[in-house]
Amino acid sequence: MEPFVVFKSLCIIIVAAKLCGILARKLKAPQVVGEIIAGLLIGPSVLGFVEPTPFLAQMAEIGVVLLMFSAGLETDLRDLKRTGLKAFAIACAGVFVPLVGGTLLYMAMYGFSPWGSPEFFKALFIGVIMTATSVSITVQTLKELGKLSTEVGTTILSAAIIDDVIGILVLTFVIGLNGGDVKPMVVVIKTVLFFVFAFLFGFVCYYVFKRIDKRWPHTRRIPIAGLALCFGFSFVAERFFGIADITGAYAAGIILSSIRDSDYIAEKTDISAYMLFGPVFFASIGLKTSVDKISKEILIFAVGFVIIALITKIIGCGLMAKMCRFNWDESFKIGVGMMTRGEVALIVAQKGLSCGIITPTYFTPVILLIMISSIVTPIILKALYTKKKKPSSPVPATTTES
């Protein structure tokens, strides 16, 4: 490919993604939805200004890794320790119920397949996509209502963080199983070995970075070294342990999340992700989405996908919250707060596409889920928190006056 073609494609992607992202934000929708729609508009399905290329695919992969590295940096381990078993139990239920619901949905529409077949892994992966939770919209809504610091708000926030960690583990396991004749126990062993490696080597890296941070605080060498650690862990995860590179990037982010300059690392990393690699990643999803291949069957599946994804989060998280001694009203609020999906769901879907598990047509249900959940969740939460109690019946006046 000629270099000028690359520059033209990047110019169009950045301008279109930012303009559509701003428009989406003005319409109270997630900015990433606008960037995806921008990719759809400039891609082969509509205007044909930009063609998907291996170079853009590689840049998109870097964007995925940077996004997961940033997610790891934003993980507050102290909050996870403080919330205890309640948030962990709610997160586990919030992963398990959608995983089963998504798998059964696919099998109900396309037939039940035996273990190990490509169709079985496709059904399982549809469930994996449903497991991810994004509470950015929920957090903003709870802030506006002044309820973020309540027990319900803190539980939702902590459970969502744990939810993503468990979801990445499930993704890692499913991708490992999909790699041919690999036995489940081999995948479990490799996954465990990676996290043992990440813990031991990460422990050393943490103290090295802590010392560098103490000697040269707030200097550029710290985010540069952090970025090198991110890419190094991504390479080791996929090359030596056969698990997803985004798992390695997420682990690298968690390792550095507790050092003093973690916010500074996140700030510098977000510059590259926000300006270039993030827009390329989200726009590439639109580029790969084939509108002309969307059949009536896919549209029906998309409707079922959205409904099941929303309901299973409410059922899984809400019932587990009730079992953790929240009342029914609080449990329902927790279930609704966990409904929103965002970047992680797209990242999981993109990983399934790159591994050959799903096809681009399945991005349509994921995009619809992100849009609808982002609109519906704030509306329901506000209604739950602002509903008025029935006025009590007036006390009859007495005949005598004091």
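Visitor: Which helix provides the largest share of the lining of the largest cavity?
Guide: Helix 7 does, with 4 residues. Helices here are DSSP runs of H or I, at least four residues long, numbered from the N terminus. This is a predicted model, where local features need pLDDT of at least 70 and side-chain atom pairs 80 or more, while totals for chains, interfaces and linings use all residues. Residues are numbered from 1 along each chain as its sequence is written, and side-chain values use heavy atoms, leaving out hydrogens and water.

Visitor: How many cavities of 30 Å³ or more are there?
Guide: Rolling a water-sized probe over the atoms shows where empty space is left. A cavity is a set of points on a 1 Å grid where a 1.4 Å probe fits but cannot get out, and lining residues have an atom within 4 Å of a point. The count here is 2, and the largest holds about 40 Å³, a volume being the space filled by probe spheres set on the points. Its lining includes Asp 163, Asp 164 and Val 348. Helix 5 (118–131), helix 7 and helix 14 (343–354) each give two or more residues to that lining.

Visitor: Which residues have the most contacts inside the largest nonpolar core?
Guide: In soluble globular proteins, nonpolar side chains tend to be buried together. A core joins buried (under 20% relative accessible area, 1.4 Å probe, protein chains only) Ala, Val, Leu, Ile, Met, Phe, Trp, Tyr and Cys residues through side-chain atoms within 4.5 Å. This one has 99 residues, with Phe 125, Ile 129 and Phe 305 having the most contacts inside it. Helix 7 (residues 151–177) gives its largest share, 11 residues.

Conventions:
Buried < 20%, exposed > 50% of the residue type's maximum accessible area, 1.4 Å probe, protein only. 1 Å grid on protein atoms, 1.4 Å probe; cavity = no way out; pocket = protein on both sides within 12 Å on 5 of 7 lines; lining within 4 Å.
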